[in-house]
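Q: Please take a close look at one part of this model for me: the charged side-chain pairs and where they sit. I would also like to know what surrounds them in the rest of the chain.

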Amino acid sequence: MMAVLRLRFTKTKRDKLAQVLWILNWISVVTGVILFSLGLFLKVEINKRGELMAERDIQYVPNMLIAVGLIACAINFLGGKICYDCVDTTKFLRWKLIMLPYIICTFFFTFCVLVGALMCYSMRGELEESLNLGLAEAIRFYKDTDTPGRCFLKRTVDMLHIEFQCCGNNGYKDWFQIQWISNRYLDMSKKEVADRLRSNVEGKYLMDGVPFSCCNINSPRPCIQQQITNNSAHFNYEHQTEELNLWMKGCRQALLEYYTHIMQSIGLTVLITWLFELSVLTGVRYLQTSLENVLRQGDLDSESDGWLLENSFMETARTNLNIIKSLGKSNQIDTANNGDPNINVPSTSKAHYGPDNVPPKEIPEAS
């Protein structure tokens, strides 16, 4: 028999392994709480700026982390109980039939943890698209402070500019393409305002200006918000080379960098958790196989072998494939028989005539 990674265990080593695994399972319960907390934190951070994001399904990552964290607590709590009882070989009997299904379920769970880690790194593209569309929509409705459902957007966008030191979606020039001042704050009696409105095909008041929140607090001069591209309108000013007047970075890039940093940190934590869970699962497998072998030998104090797989990888894969094929064939037979439980069963419509199954002689009819 070519067992994979076979190790020899004395009774002392088996007991120490069970004790160490009991401690590691309780540490794993703590990592489950950490995963749950990280998922909850990410969900709160996304919801905090939900009005700046388009309707995209980006909640699946925090939701999965929350679910994985809760399942990790339950699985490792059970694992801790099993390993604690396995210190006494006689108590192992109560878990003997449960341990292999537990190990298989835990293996698939660790795969889900790995998927969760990879999802943290693959979320960037969907998040960027959501931010791009959401920020463009928020900026477009910046002026609608008297419209129900949009009155909060001005404050939200201004606070975003100040907190993340950014301006616009892709940059400050985004404000040149939209009317961000409401008509009720425009003096229509002024010729300049009327001419600007008439000059635009859509009747919008466009100008090379930005909201106050785009002003860079590090600027040595008073902030220039109006006529930004008109060098002659300001003394000693050159807008092409002026970098300290306004925030240069777009808010989409600023938010994307912020969330990417969070996602990468969470992804690394989940990846480390996956490796830790995998190592604990490996130890539980060694404990299970070594205890089963010592029970087969009959001497609870003797040495026993433990392994990850009883046969080689190829042999194990071939055996599992044959099991799947046999299950598939049995399903095909059931389908062909239309699920009739009486198929291939001798019919009971014929009379049983006696122990020798000999029919009686027919009595001729009277003529």
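A: Happy to. A word on terms comes first: a residue counts as buried under 20% relative accessible area, as exposed over 50%, and as partly exposed in between. Please keep in mind that this is a predicted model.

Let's start with R196. Its relative accessible area is 28%, and because that value falls between the two limits, R196 is partly exposed. The side chain of R196 meets that of E192 in a salt bridge, at 3.9 Å from N to O. Both residues belong to helix α6, where they are four residues apart, about one turn of the helix. Elsewhere, salt bridges with shared partners link R6, R8, E303 and D305 into one network. In total, the structure holds 20 salt bridges.

A similar arrangement can be seen in helix α2, which contains both D85 and K81, again four residues apart, or about one turn of the helix. Their side chains form a salt bridge with an N to O distance of 3.7 Å. What is the relative accessibility of D85? The value is 2%, and because this is under 20%, D85 counts as buried. K81 has a relative accessible area of 39%, so K81 is partly exposed.

Next comes the pair E45 and R49. These two form a salt bridge whose closest N and O atoms are 3.5 Å apart. Here E45 is buried, and R49 is buried as well.

Now for the surroundings. Reading along the sequence, you meet the elements in the order β-α-α-α-α-α-α-α-β-α, which amounts to eight helices and two strands. The chain has 367 residues, and 39% of them are buried. Its accessible surface comes to about 22000 Å², with 60% of that belonging to carbon and sulfur atoms. Among contacts with a separation of 6 or more, 73% are between residues 24 or more positions apart.

As general background, nonpolar side chains tend to be buried together in soluble globular proteins. In this model, the largest nonpolar core has 77 residues, and W175 and V210 have the most contacts inside it. Two or more residues come from each of α1 (11-48), α2 (60-85), α3 (96-122), α4 (124-140), α5 (153-164), α6 (191-199) and α7 (251-297). The biggest share is from α7, which gives 16 residues. The core also draws at least three residues from each of domain 1 (3-137 + 253-322) and domain 2 (172-248). Leaving aside residues up to four places away in sequence, V210 touches C167, Y172, W175, F176, W180, Q225, I228 and L246.

One record is worth setting beside this picture. An unreviewed UniProt entry annotates residues 20-41, 61-79 and 99-121 as "transmembrane region". In the model, residues 20-41 are 100% helix and 0% strand, with end C-alpha atoms 31 Å apart. Residues 99-121 are likewise 100% helix and 0% strand, and their end C-alpha atoms lie 34 Å apart.

Back to your charged pairs, then: helix α6 holds E192 and R196, helix α2 holds D85 and K81, and each of these helices also gives two or more residues to the nonpolar core.

Definitions and conventions
Residues numbered from 1 in each chain as written. Predicted model: local features only at pLDDT ≥ 70, side-chain atom pairs only at ≥ 80, totals over all residues. Heavy atoms only, no water. Core = buried A, V, L, I, M, F, W, Y, C linked by side-chain atoms within 4.5 Å. Buried < 20%, exposed > 50% of the residue type's maximum accessible area, 1.4 Å probe, protein only. Domains from an automatic or database assignment. Contact = heavy atoms within 4.5 Å. UniProt positions renumbered as here; feature names shortened; annotations may be inferred. Areas by Shrake-Rupley, 256 points an atom, 1.4 Å probe, with all protein chains shown as cover. Salt bridge = Lys/Arg side-chain N within 4 Å of Asp/Glu carboxyl O.
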